[in-house]
Amino acid sequence: MADMSASASLAMTHLVPLAQEFDEDKVTPGVLGFIVFAVMAVAVWGLMKSMNRHMGRVNFAEADETAADGAVPDGGNSTTA
């Protein structure tokens, strides 16, 4: 347990200078960045909901084309020359 606190102490001594080097005048995303991200998240959610609704309406069963025509397939074995 003492080894774990020593490593935590060592990590903190390396992170403290990094925190002191942080410049508060740097540009950050701020409120506008959050609003843009939130609008994009809502748009993606709406698109996913719409896609799920449209995919629910799709009929994935293939229609039997020969049954619709009334023709009997010969299986590719033609006896006529």
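1. Buried residues, meaning those under 20% relative accessible area (exposed being over 50% and partly exposed in between, with a 1.4 Å probe and protein chains only), make up 0% of the 81 residues in the chain. The model is predicted, so that local features need pLDDT of at least 70 and side-chain atom pairs count only at pLDDT 80 or more, while totals for chains, interfaces and linings use all residues. Residues are numbered from 1 along each chain as its sequence is written, and side-chain values use heavy atoms, with hydrogens and water left out.

2. The chain exposes about 7900 Å², of which carbon and sulfur atoms supply 66%.

3. There are 3 helices and 0 strands (DSSP runs numbered from the N terminus, helices being H or I of at least four residues and strands E of at least two), and the pattern along the sequence reads α-α-α.

4. Val44, Met48, Met51, Met55, Val58 and Phe60 make a nonpolar surface patch of about 590 Å². Val58 lies in the loop between helix H2 (30–57) and helix H3 (65–69), and is partly exposed at a relative accessible area of 39%.

5. His54, which is placed in helix H2, is partly exposed, with a relative accessible area of 46%, and its side chain reaches the backbone oxygen of Ser50 at 2.8 Å.

Notes. Patch = residues over 30% accessible without salt bridge, like charges linked within 9 Å, V, L, I, M, F, W, Y side chains within 5 Å. Areas by Shrake-Rupley, 256 points an atom, 1.4 Å probe, with all protein chains shown as cover. Salt bridge = Lys/Arg side-chain N within 4 Å of Asp/Glu carboxyl O. Polar contact = N/O pair within 3.5 Å; in protein donor to acceptor, adjacent residues only side chain to side chain.
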